[in-house]
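Me: Please take a close look at one part of this model, the places where the backbone takes up an uncommon phi, and then set them beside the contact between the chains.

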Amino acid sequence: MIRQRYVMVVAVGLAIALLVALFSPLASSDPDGLEKVAEDKGFIDEGKGPPYEVIADYVFPWVDNEDVATILAGIVGVGMVAVIVFAVGFGLRAMSLRTPSSERGPPGA
Amino acid sequence: MAAINLNPPPFPDPSGMHIPDGFINAPVAAIAWGITVVVVAAAVWRTNRTLSEKAVPLMGVMAAFIFAAQMINFPVAGGTSGHLLGGTLAAILVGPWAAIIVMASVLGVQGLIFQDGGLAAMGANILNMGIVGCLVGYAIYAGVGFFGNGRPWPRLAGAFGGAWFAVMTAAFLCSIELGLSDTSPYHVVLPAMMGVHSIIGVVEGFITAGAVAFVMAARRDLLEMPAQGPVKEAAID
C-alpha cells in the first residue's frame with residue numbers, strides 16, 4: 001500500500017532532518033560567501049536590517065543557552081516548512097484529483 | 001510563540017547566498033519578484049496537474065531536510081563559510097517543478113520568520129537559489145543520467161555536476177543583481193562571488209551526490225519517480 005510505504009519515508013526523512021538540526025550549534029560562524037564578498041568589497045554596510053524579528057539568526061528568543069536556542073530554532077523551522085509543504089502538496093494533490101482524468105496522470109503513478 | 005522584536009539591530013546577517021534588503025535596488029528586486037511569481041505560479045500549475053501521491057510526502061521531507069541542512073555552515077577557504085542550497089537535490093527527488101515549490105517555501109519561511117534574506121530581496125533569493133538551482137541542477141542531472149542510461153555512477157556524477165553548476169549559476173545571478181543595483185561593479189563582485197562559490201559548490205556537489213547515493217541504496221524506487229514534469233505529460237498523450 002502506497003500510504004504505508006511512505007509513512008516510513010516521512011518518518012526517516014524527518015528524523016534525518018531533526019538530527020541535522022541537532023548539529024546546528026556546530027555550524028561555522030565564519031562569514032559566508034556573499035557576506036565575505038560584501039565585507040571584502042566594501043558593500044556590507046549597504047545592507048538594511050529586517051523591519052521586525054521573529055527568530056532572527058536562527059536563535060530562539062527567551063532561551064539563554066545559545067546552543068539550545070539554535071537547536072530550538074532549527075526544530076521550529078523544520079516543523080514549519082514540513083507542515084507548509086505537506087499542506088501545499090496535499091492541497092495541490094486534491095486539486096489535481098478534481099481535474100478531469102484525461103488531463104492528469106494515471107492514479108498512483 | 002516567539003517574541004517579535006520591532007527594534008532589531010540595523011546590521012543584517014546574510015547567510016549563504018541570502019541577499020539582505022539594501023543590497024539590491026527596488027527595480028532589480030521588483031523584476032526578480034515578477035519572474036519568481038510567474039515561475040512559481042507555473043510550477044504550481046504543472047504540479048497541480050501532475051503531482052503523484054508519492055511526491056507529496058517527499059516534498060515535505062525535502063523541505064525539512066533542506067531547512068535543517070541550510071543551518072549547517074561549513075568552513076571553506078579563507079575564513080569563509082558556506083551551506084547547502086539544496087535545489088538540485090530537491091529537484092532530483094521530487095522533480096524540478098515540485099522542487100521549486102519546496103524551495104520557495106523554505107526561502108519564504110527563512111525570510112519571514114528567521115530574518116534570513118530580505119523581504120524585498122526574497123524574489124531574488126527564490127529566483128537565484130530556488131528556481132535556477134532546481135532547473136539548472138535538474139537539467140544537468142537528467143542530461144548526464146540520460147547519456148549514462150540511468151546507471152548509478154553517471155547519475156551520481158550528474159548529481160554532483162548539477163549541484164555545482166546550480167551554485168555557480170546562483171552566484172552568477174546574485175552578482176548580476178548586485179551589479180545592476182550599482183552595489184558593486186561587475187568586475188569586482190563577479191569574480192569574487194564565482195571564486196568563493198566554486199568551492200562551496202564542490203561541497204554542495206558532494207552532499208547532493210551523497211544524498212542521492214543514500215536514497216539509491218535505501219529506496220531506489222524513489223529515484224525512478226521524478227515524472228511530475230514533461231516526461232509524464234508525454235506518457236499521458
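Reply: A residue is called partly exposed when its count of other C-beta atoms within 10 Å falls between the two limits, 12 or fewer for exposed and 20 or more for buried. The model under discussion is predicted.

With that scale in hand, consider A:D57. This residue counts as partly exposed because 16 C-beta neighbours lie inside 10 Å. Its position is the loop of chain A that runs between α2 (33–40) and α3 (66–98). Most residues other than glycine have a negative phi. A:D57, which is not a glycine, has a positive phi of about 55°.

Chain B offers a second case. B:Q115, also a residue other than glycine, has a positive phi near 50°. The loop that holds B:Q115 lies between α4 (96–112) and α5 (122–147) of chain B. B:Q115 counts as buried, because it has 26 C-beta neighbours inside 10 Å.

The contact between the two chains completes the picture. Chain A contributes 63 residues to this contact and chain B contributes 73 residues. On the side of chain A that touches chain B, α1 (2–22), α2 and α3 each supply at least two residues. The most comes from α3(A), with 16 residues. By residue class, this side of chain A divides into 37 nonpolar, 13 polar and 13 charged residues. Two of the helices named here, α2 and α3 of chain A, are also those between which the loop of A:D57 is placed.

Notes:
Residues are numbered from 1 along each chain as its sequence is written. Chains are lettered from A and ligands numbered from 1 in the order in which they are written. This is a predicted model: local features need pLDDT of at least 70, side-chain atom pairs count only at pLDDT 80 or more; totals for chains, interfaces and linings use all residues. Helices (H or I, at least four residues) and strands (E, at least two) are DSSP runs, numbered from the N terminus. Two residues are in contact if their C-beta atoms, placed from the backbone, lie within 7 Å. Ala, Val, Leu, Ile, Met, Phe, Trp, Tyr, Cys and Pro count as nonpolar, Asp, Glu, Lys and Arg as charged, and the others, Gly among them, as polar.
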